[in-house]
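Q: I have a new model open and would like to learn how to read it. Could you walk me through a few features?

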2 protein chains.
Amino acid sequence: MSDLLERLRGRGWRLTSQRRVVAEVLDGEHVHLTADEVHARAVDRLPEISRATVYNTLGEMVTLGEVLEVSTDGRAKRYDPNAHHAHQHLICSGCGAIRDVHPQGDPIAALPANERFGFVISGAEVTYRGLCPNCR
Amino acid sequence: MSDLLERLRGRGWRLTSQRRVVAEVLDGEHVHLTADEVHARAVDRLPEISRATVYNTLGEMVTLGEVLEVSTDGRAKRYDPNAHHAHQHLICSGCGAIRDVHPQGDPIAALPANERFGFVISGAEVTYRGLCPNCR
DNA sequence: TATTGACTTAGACAAAGTCCAAGATAGGAT
DNA sequence: ATCCTATCTTGGACTTTGTCTAAGTCAATA
């Protein structure tokens, strides 16, 4: 069983075939899929799995902090199973390709106290935009 | 006429009443409105303006670099007329409030060459998350 | 293996955004 | 000043993305 499922089971999740398949799809390809892309791949393995279940399952994984939601383009959300390794994203403005990247330093440290307006900061997401070698 | 409209006119835009109203709405409130919120406010001034025109107009302003699109929560895109002053966003996880913030340093400089994968980087967006004083 | 609350399903619904063909109009040409 | 025409706008249908509900199913415990 994948690490992901094992962690979820440890939190009281029922281990259903549907959840297993969603986890396998996320673990299997290290790309950033949309919910409907996850559903399409899940259907290959479990033809009767419903869209609602895929949406529910992804949402729960996000709530439990096992998967990250990435809003890349204002269209469909994408799901990133790499939640336990801090990283940011680099997106090609031409073809939409996404790479995980690791900038130096902590972006939160770059925000001075007088720019925090009394907020308690919990995180920072950095999205780099550019053109990949193919689209240049 | 607003600076925004003047710049757009300089680029060959026809100055229609609809575009004037959209620009006025964006200039008038320095908040980050969704397209439908812009439409609702535009209807107050020009009752027959259509949703499609508001979407078109905002999209063109974004293409021309006069307005920024901000994907805050994976739902509706928000539009930020402050495109000519570099800034980032701080979003309250509780109530969704958005503040413009100005972190120190250039986030692009934090991405080492060996993490660029041959991309030509054109920009970086930083989204800080946290809880505002009211939601704490 | 019986029970039960959690899970899944299909389909309706909602929200956000795009597309199209027909009509209107800004701004240059006359 | 008026005409012309490419550009712009409109309403409505359509698509995409996501949520909700009620009824049926099943994993895990006893």
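A: Happy to! Let's begin with a term we will need: a polar contact is a pair of N or O atoms within 3.5 Å. Keep in mind that this model is predicted.

Q: Which phosphate oxygen distances does DNA strand C show to polar side-chain atoms of the protein?

A: A polar side-chain atom of A:Thr16 sits 2.5 Å from a phosphate oxygen of DNA strand C. For A:Arg19, a polar side-chain atom is 3.0 Å from a phosphate oxygen of that strand. The backbone takes part as well: a polar backbone atom of A:Glu48 lies 3.0 Å from a phosphate oxygen of DNA strand C.

Q: Which elements give two or more residues to the surface near DNA strand C?

A: Here "near" means having a heavy atom within 4 Å. The elements are helix 2 (17-28) and helix 4 (51-63) of chain A, plus helix 4 (51-63) of chain B. Helix 4 of chain B gives the largest share, 3 residues.

Q: How many nonpolar, polar and charged residues make up that surface near DNA strand C?

A: There are 6 nonpolar, 4 polar and 9 charged residues. Among the 19 residues around DNA strand C, those that come nearest include A:Arg14, A:Gln18 and B:Arg51. On the DNA side, sugar and phosphate make up 71% of the strand C atoms that come within 4 Å of the protein.

Q: And how do strand 4 and strand 5 of chain A run, parallel or antiparallel?

A: In a regular strand, side chains alternate between the two faces of the sheet. Strand 4 (residues 88-92) and strand 5 (residues 98-101) of chain A run antiparallel, joined by 4 bridges. A:Gln88 has A:Val101 as its bridge partner in strand 5 of chain A. Their hairpin has 5 residues between the strands, and A:Gly96 takes a positive phi near 85° there.

Notes
Residues numbered from 1 in each chain as written. Chains lettered and ligands numbered in written order. Predicted model: local features only at pLDDT ≥ 70, side-chain atom pairs only at ≥ 80, totals over all residues. Heavy atoms only, no water. Polar contact = N/O pair within 3.5 Å; in protein donor to acceptor, adjacent residues only side chain to side chain. Nonpolar A, V, L, I, M, F, W, Y, C, P; charged D, E, K, R; others polar. Pairing = 2+ DSSP bridges.
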